[in-house]
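Visitor: Could you take me on a close look at the ligand and its surroundings? I would like to know what lies around the ligand and which side chains it meets.

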Amino acid sequence: MNKKWWKESVVYQIYPRSFNDSNGDGIGDLNGITEKLDYLKNLGIDVIWLSPVYQSPNDDNGYDISDYQAIMKEFGTMEDFDCMLAAAHERGIKIVMDLVVNHTSDEHAWFMESRKSKDNPYRDYYIWREGKDGKEPNNWGSCFSGSAWVYDEATDMYYLHLFSKKQPDLNWENPKVRDEVFSMMDWWCQKGIDGFRMDVISMISKVEGLPDGKVSDGLHGDPSPFVQNGPRVHEYLQEMNQRVLSKYDLLTVGECPGVTVEEAQRYASDKGTELGMVFQFEHMGLDEGEFSKWSDRKIKLTDLKENLTKWQNGLDGKAWNSLYWCNHDQPRVLSRFGNDSKEYREVSAKMLGTCLHMMQGTPYVYQGEELGMTNVPFKSIDDFRDIESIRAYQEYVESGIIDKEDMMRFLCYKSRDNARTPMQWNSGKNAGFTEGTPWIMVNPNYKEINAEEQVDRADSVFNYYKKLIELRHKEEVIVYGHYELLMPESEELYVYTRELENEKILVICNFTEKEVKYTLPEEFENGKILISNYDKMSADAEMELKPYEAMVIKKA
Ligand code: NOJ
């Protein structure tokens, strides 16, 4: 067992734009985060993952960086950053930065140079190709709709952008690019940050020749097989590890679209040669439909269990999992896998938290998840701010592939903006997020769902999450124990055990609003209830589980 502090931690993700606005401009900022550190300390988390705070024209809310060593004006100054870092460290909270190096902004100095001429020293920092028969170099679509190529008149060539056209892909084959990225990372490490969450890091190496992709949406070819887990990605990460990461004691997590268990065993190998852990996406893709994520299909519990179990067992002892239901790219889990009705909101939020936090891996809590924040009742396309949602709406609705009502339904269910509305602090103006006009609408349910109402209420979702976090800090079996799935066929219950030496816990989660009968395995009779979302003190051998009931029992 290879013990590490970051395996024993719980991470809290902050999307700074939507967290807390200290200066009334309607946009969250660094001083706003500093103001709320005591709230996070109270929750008990160990680490903050900060979505990008670097200088950016905000085509993709900071994931398009124009200067890696400057702070976005809207968020404050480098001094504000230093204050926040020091204040977090004073409270024993670590800070993990987002590292977005698959691409930069087109307003980054490197790209502005690169596009000037074919012989500019920065030309090969990016991926430039000649057109083919007067068209794009290949048929790839970008993740944000439309072609993945932009024609640039100055040199009569195209540049590649897997995301928006303001996010040109860096050319990692160029050793100078790697030098620049590694020295920038080192600069941040010297400042005292505690780790990196690496944006789409599985996409930095592209297959030579950039072959056409399969067209399945009737519009563009899919680049995934040629850009995910590409031929040199492990080589690049090993180099990064040798030159930067291994010099510090960091939490590193790679966001890895397309990662398989076998690939994850390499990215996040326990040998420590590349990264600490990965974000995998398979469980987030189980409710996709005909138009990939744009769907309102409900997940099947057996699919979810099968998938998470594959990851739990596949990485056990070999690599390390990250555990998440939510982040700034996913809708709210409560509205997706739980039940956001008034009646079951809190109990199902607690059940989902239990199910995830008792697994092996490092859990991530996304801002507002600890309050049971829900999806947002967006009324029209004008309510959305997210480039992915807006571009998908334009592309699919205008081409007649998806009709307007269906697309609005899909957006309300799946849009990233569901996660990006302001954090709900209290029942006052704008949920206490800002004195000004918020950059995106506030979820109208903030009068009922907010931090102020929950922090001092013993049976709130907040206090339940606090207890889940405490339990992980106390019980080693929750961190390192082996996982075993029970009742794989049940469409109602998710039941599993964790075992470490003589200790064993049983996790029972009812994913339905029905009462479900359950017989306790003998070895857990007389066990101790570690946590229960119905305040149970003891467990009977024959149980009738209540709607969304969850409990964790430790073997006596
Ligand atoms: C993944 C990030 O999480 C997402 O928000 C962003 O749009 C893309 N990468 C591009 O950077």
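Guide: Happy to! Keep in mind that this is a predicted model. Let's begin with the shell: the ligand is surrounded by 14 residues, and the closest of them are D60, H103, D199, H328 and D329. Sorted by class, that shell is made up of seven charged, three polar and four nonpolar residues.

Now for the polar contacts. In the side chain of D329, an N or O atom lies 2.4 Å from an oxygen atom of the ligand. The side chain of D60 offers a similar kind of pair, with an N or O atom 2.5 Å from a ligand oxygen. R416 joins in as well: an N or O atom of its side chain is 3.0 Å from an oxygen atom of the ligand. As for cover, the ligand on its own has 300 Å² of accessible area, and the protein covers 97% of it. The place where the ligand sits is the largest pocket.

Before you go, a brief look at the aromatic rings. The structure holds 33 aromatic pairs. One of them joins F291 and Y396: the ring centres are 5.9 Å apart and the planes meet at 55°, so this pair counts as tilted, since only angles over 60 degrees would make it edge-to-face. F291 belongs to the loop between β13 (277-279) and α9 (301-315), while Y396 is part of helix α12 (residues 387-398), so the pair ties together parts that are 105 residues apart in sequence.

Methods
Residues are numbered from 1 along each chain as its sequence is written. This is a predicted model: local features need pLDDT of at least 70, side-chain atom pairs count only at pLDDT 80 or more; totals for chains, interfaces and linings use all residues. Side-chain values use heavy atoms; hydrogens and water are left out. A residue is near a molecule or strand if one of its heavy atoms lies within 4 Å of it. A polar contact is a pair of N or O atoms within 3.5 Å; within protein, one must be able to donate a hydrogen and the other to accept it, and residues adjacent in sequence count only if both atoms are side-chain atoms. Accessible areas come from the Shrake-Rupley method with a 1.4 Å probe; for residues, only the protein chains shown count as cover. On a 1 Å grid over the protein atoms alone, a cavity is a set of points where a 1.4 Å probe fits but cannot get out, and a pocket is an open set with protein on both sides within 12 Å along at least five of seven lines; lining residues have an atom within 4 Å of a point. A molecule sits in a cavity or pocket if more than half of its atoms lie within 2 Å of its grid points. Ala, Val, Leu, Ile, Met, Phe, Trp, Tyr, Cys and Pro count as nonpolar, Asp, Glu, Lys and Arg as charged, and the others, Gly among them, as polar. Rings of Phe, Tyr and Trp (its six-membered ring) pair if their centres lie within 6.5 Å; planes under 30 degrees apart count as stacked, over 60 as edge-to-face and the rest as tilted. Helices (H or I, at least four residues) and strands (E, at least two) are DSSP runs, numbered from the N terminus.
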